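Okay, thanks everyone, I'll keep this short. Let me put the sequence and the model up, and then we'll walk through it.

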Amino acid sequence: MDFFLVITTLTVLVASILFDWWYFLKLRSKRLPPGPSPWPIVGAIPYLVRHGRGTTKLSHSLQPKYGKILTVWLGKTPMIFIHDPELTYDALVKQGAYFSNRVKNYTMGIVSSGWRTLGTTEGPWTVALRKNVMTHMLGPSRLKAFKPLRDRAYGDIVNDVRSVAAAAADGVAQVNLRSVAFNQVFRFVLVLTFGVELEENLIQEILLNLGERFRLAFKFYVGDYLSFWRIFELEKVFPDFNDSVLTSLCSELLNAAIHTTSFAIDHTMALLCEHPEVNEKLYREIEAVVGRRAVDESDLPDLPYLSAVVRESLRVWNTGLVSLPHATSELRKLGGYDIPTDAVIIFVLESFHLDPTHWSEPLIFKPERFLENDLDVLGTKSFSFLPFSAGRRVCPGTQLAMLEISVVVARLVQTFEWEKVPNVKNTRFGTVLRARPRSV
Ligand code: HEM
């Protein structure tokens, strides 16, 4: 190798390490929340790579020792985890104007066409975008206008299961509900985002592209925390995305909607199979209020037990429900600690949902608790239940998600008797369930 090239490479390497070190020392001089002493330069990165553990799991294991607000260092960046509803209220509501920024990480920059989509850094662009999306796509009047499309999606989910049952020798469908719901919710949100129905081959192409974007958006990219990693391109992760902002925005909404909603439907039905007494009580409520006709969105206010089942399922959400990474727009104080602008802040929502000081027997699926204690999903009464987060970054799809999950679950319970398949291992890709059409 050319001598000059070696010297230049070494100089850049040493300069980037010194820069990271200076940056790290600058942040260490602040009064950050407690946490394990970081390894020089790399912080907890080797630990995460060696144990293959996510950062949220790591924060759960550290929480008994360091308390409900703690810091884990990733390279030069402090990642601050908040496990406490009161501190979350302080950050997202009282200091909401400062805690609503987002981190500018590299992979997110690519999938959002340079941080220009809804879920990225706060500024006049994202504020205007959010207002537009809420008015023209996800607000009450638009949701009303799109109701016929949702009705079709609800019917299609039921029909998909029914046709699998009809084709089975014993008349019982064995289905992966997550993929059934995923397909139909996807088709519905496609129309919502693109405004037209698309052809099948185009739909398949979009699905492939979406999968890649989803992987990238949540990728743990070491280059975000160690400068030299990125300078020397030590990891080839970036496909050539040259999409327009509009394509990135549609993809963001699609990805945000389909994984969460289909997971929630699948998870709720799996819980109902594990708790036949809850399933039976729900069926009786639907039968008494709606009778034989298919449940409609307009029936929801009259189905309190259904609402309790859906909220309880969101509470015991089992894939680690956290906020997207937040950031502050200026140095702030939280719980007496400094929160600098360079910190990545994660609100660990599932911690509040499973905290025994707020919930009796928190690991048990018990919808009745939501009848006794009518907490809504937006935290207006208490931050101990916050599945869609809160404040200026609250999930803009909350209303749509609640409608879809509630009606689909109601129709599935109304139309089929459900049970788990013995000896089949369920994965994060979905639960395999058996559905027997109810006799009418
Ligand atoms: C069960 C269903 C869903 C759950 C549990 C859920 C939960 C969340 C959570 C926790 C956040 C992070 C908020 C924060 O960082 O403080 C979020 C953000 C977001 N969600 Fe949802 N969501 C769901 C469905 C949907 C749907 C149906 C859509 C769209 C149609 C959607 C679109 C978004 C978008 C665009 C963001 C980013 C908002 C921003 O940064 O300003 N979500 N969601």
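**Cores, ligand shell and sheets**

So, keep in mind that this is a predicted model. I'll start with the packing. The largest nonpolar core has 58 residues, and the ones touching the most other members are Val-185, Val-189, Met-269, Val-408 and Val-409. Helix 12 supplies the largest share of that core, 13 residues. There's also a second, separate core, with 33 residues, including Leu-92 and Ile-346.

Let's zoom in on Met-269 for a second. What is Met-269 in contact with, once you leave aside its neighbours within four places in sequence? The answer is Leu-177, Val-409, Leu-412, Trp-418 and Leu-433.

Okay, on to the ligand. There are 23 residues around the ligand, and Ala-256, Thr-260, Ser-389, Cys-395 and Gly-397 come nearest. Two elements give two or more residues to this shell: helix 12, which is 245–274, and helix 17, which is 398–415. Helix 12 gives the most, seven residues. So helix 12 shows up twice here, with the largest share of the big core and the most residues in the ligand shell. If you're thinking about the chemistry of that shell, by class we've got 14 nonpolar residues, six polar and three charged.

Now the sheets. One is an open sheet of three strands, antiparallel, in the order 4-10-9. Strand 4 (173–176) and strand 9 (416–420) are at the edges with a single partner strand each, so each has one side without a neighbour in the sheet. From one strand to the next, the twist averages 35 degrees. Strands 4 and 10 pair over four bridges, and Gln-174 has Arg-434 as its bridge partner in strand 10. Lying across strand 4 and strand 10 is helix 9, residues 177–194, at about 65 degrees to strand 4.

Last stop, strand 2, residues 77–82. Is strand 2 mostly covered or mostly open? Mostly covered: six of its six residues are buried. Thr-77, Met-79 and Phe-81 point one way, while Pro-78, Ile-80 and Ile-82 point the other way.

Strand 2 pairs with strand 1, residues 69–74, in the antiparallel sense over six bridges, and Trp-73 sits opposite Pro-78. The hairpin joining those two has two residues between the strands, and Gly-75 there takes a positive phi near 55 degrees. Strand 2 also pairs with strand 8, residues 344–347, but in the parallel sense, over four bridges. There, Ile-80 stands opposite Ile-345.

Okay, that's my tour.

How values were computed
Residues numbered from 1 in each chain as written. Predicted model: local features only at pLDDT ≥ 70, side-chain atom pairs only at ≥ 80, totals over all residues. Near = placed C-beta within 6 Å. Nonpolar A, V, L, I, M, F, W, Y, C, P; charged D, E, K, R; others polar. Core = buried A, V, L, I, M, F, W, Y, C linked by C-beta atoms within 7 Å. Buried ≥ 20, exposed ≤ 12 C-beta atoms within 10 Å, placed from the backbone. Contact = placed C-beta atoms within 7 Å. Pairing = 2+ DSSP bridges. Axes fitted to C-alpha atoms, helices over the stretch in contact; angles between N-to-C directions.
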